[in-house]
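Got your viewer ready? Load the model, colour it by secondary structure, and follow along stop by stop.

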Amino acid sequence: MSQPKKRRPLTLRDVSEASGVSEMTVSRVLRNRGDVSAATREKVLTAAKTLGYVPNKIAGGLASQQVNLVAVVIPSLANLVFPDVLSGISAELDDTPLQPVIGVTNYSPAREETVLYDMLSWRPSGVILAGLEHSRGARAMLEAVAVPVVEIMDVDGDVIDCAVGISHLQAGRQMAAEILAAGYRRIGFIGTHMPEDHRAKKRLAGFEAALAEAGIALAAREFYQGGSSLAKGRELTERILARERDLDFLYYSNDMIGAGGLLWAREQGYDIPGKLGLAGFNGVDLLDGLPIRLATTDARRQDIGRRAARIVAGKEPRPEGGKLILAPHFLPGETIRAPGSGIGVRQD
């Protein structure tokens, strides 16, 4: 089993040596006190950011210790995905001295860097954060801390310490295989155009790769900006089907817009799943209230939260190779034909 690298907490001396000024001057700059020239201040701040140094805000008597907090950094509280993740984390930490503290980035790398800087200054006992893509400054801070760092939700990429999640490339490929097995061939995609939603982009990449291997290209795609909603799902489904009337399947980047598309298509009298199949992603509880259940992928959200918390709490070891890969589960619902039922049938 590969072992995590040994990390030594950074000190004022490290910043002093990197910037070429005294520890006292470094302290003044980082505490924003004293008369320090602008050039010296810039040298110190640049050195600290490059190293990933974060000042220690714990009281002097506790300066060598950590607090019983776990920094949990997520992109959104409005997204239906993350409450399940947080529930899993909380459940596993409940019988330990550790308490989760939540920071929200709004899918902004700059905001993530700021949140991490503030949270790490309190010397938490561990860090759990969503995604593998971070700014250079955020990555430097995470590489410098001497506590477990668990990146969650994704395993398609390089990890800092360890990661717990599913392969979104594989989830996209899996969905493509199910759609093709059911005989659909004129396939459209509806999803977010949010530049920092790396996991959605990976799913689409895997989806298109699997289609291409079968000699099929996406027939149409429609993107939207900002958050997901039922209204956007309805609007974009109407738009894409008005433009490409012969589509026989729509793959949505998440269940919220997929649910909106399903409601609109039923109102218009579409034969689902006979003439038009639909699928989303995430497997959220919202689907339980639909007139028919949307096909989707269970992204293992609560399991991811639980396993990440177990690693931080020391209940289970760091995964071999640094990645704990959970398998996404395809949930067929009632909006996709049974495999083989549509092969060779033209969908007019």
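Two strands count as paired here if DSSP finds at least two bridges between them. Strands (E, at least two residues) and helices (H or I, at least four) are DSSP runs, numbered from the N terminus. You're looking at a predicted model, where local features need pLDDT of at least 70, side-chain atom pairs count only at pLDDT 80 or more, and totals for chains, interfaces and linings use all residues. Residues are numbered from 1 along each chain as its sequence is written, and side-chain values use heavy atoms, with hydrogens and water left out.

**Stop 1: the sheet**

Select β8 (residues 249–252) and β9 (277–279) to begin. β8 and β9 pair in the parallel sense over 3 bridges, and F249 stands opposite G277 in β9.

Now widen the selection: what is the strand order of the open sheet of 4 strands? The order is β7-β6-β8-β9, with parallel pairing. β7 and β9 are the edge strands, each pairing on one side only. On average, neighbouring strands of this sheet are turned by 15 degrees against each other, direction ignored. For angles like these, axes are lines fitted to C-alpha atoms (for helices, over the stretch in contact), and angles run from 0 to 180 degrees between N-to-C directions.

**Stop 2: the middle and the β7 edge**

Click on β6 (residues 187–192). Its parallel link to β8 has 4 bridges, with G188 standing opposite L250 in β8. From β8, the chain crosses through helix α10 (residues 255–267) to β9, in a right-handed β-α-β crossover. Right-handed is the word if, with the strands pointing away from the viewer, the path from the first strand over the helix to the second runs clockwise.

On to β7 (residues 220–224), joined to β6 by 5 bridges in parallel; look for T192 opposite Y224. Show side chains and you'll see them alternate: A220, E222 and Y224 point to one face and are buried, while R221 and F223 point to the other and are not. Buried means under 20% relative accessible area, exposed over 50%, and partly exposed in between (1.4 Å probe, protein chains only). Back on β8, F249 and Y251 point one way and L250 and Y252 the other, and all are buried.

**Stop 3: helices on the sheet**

Add helix α7 (residues 168–181), which touches β6, β8 and β9. Contact means heavy atoms within 4.5 Å. The direction of α7 makes about 165 degrees with that of β8. Then pick helix α8 (residues 198–213): α8 lies across β6, β7 and β8, at about 170 degrees to β6.

**Stop 4: rings**

Rings of Phe, Tyr and Trp (its six-membered ring) pair if their centres lie within 6.5 Å; planes under 30 degrees apart count as stacked, over 60 as edge-to-face and the rest as tilted. Select F189, F207, F223 and Y251 to see one aromatic cluster. Next, try W264 and Y270: their centres are 6.0 Å apart and their planes at 40 degrees, so this pair is tilted. W264 is buried at 10% relative accessible area, whereas Y270, at 32%, is partly exposed.

**Stop 5: a buried loop residue**

Finish at L326, in the loop between β11 (323–325) and β12 (329–331). Is L326 buried or exposed? It's buried, with a relative accessible area of 8%. Leaving aside neighbours within four places in sequence, the contacts of L326 include G165, I166 and R300.
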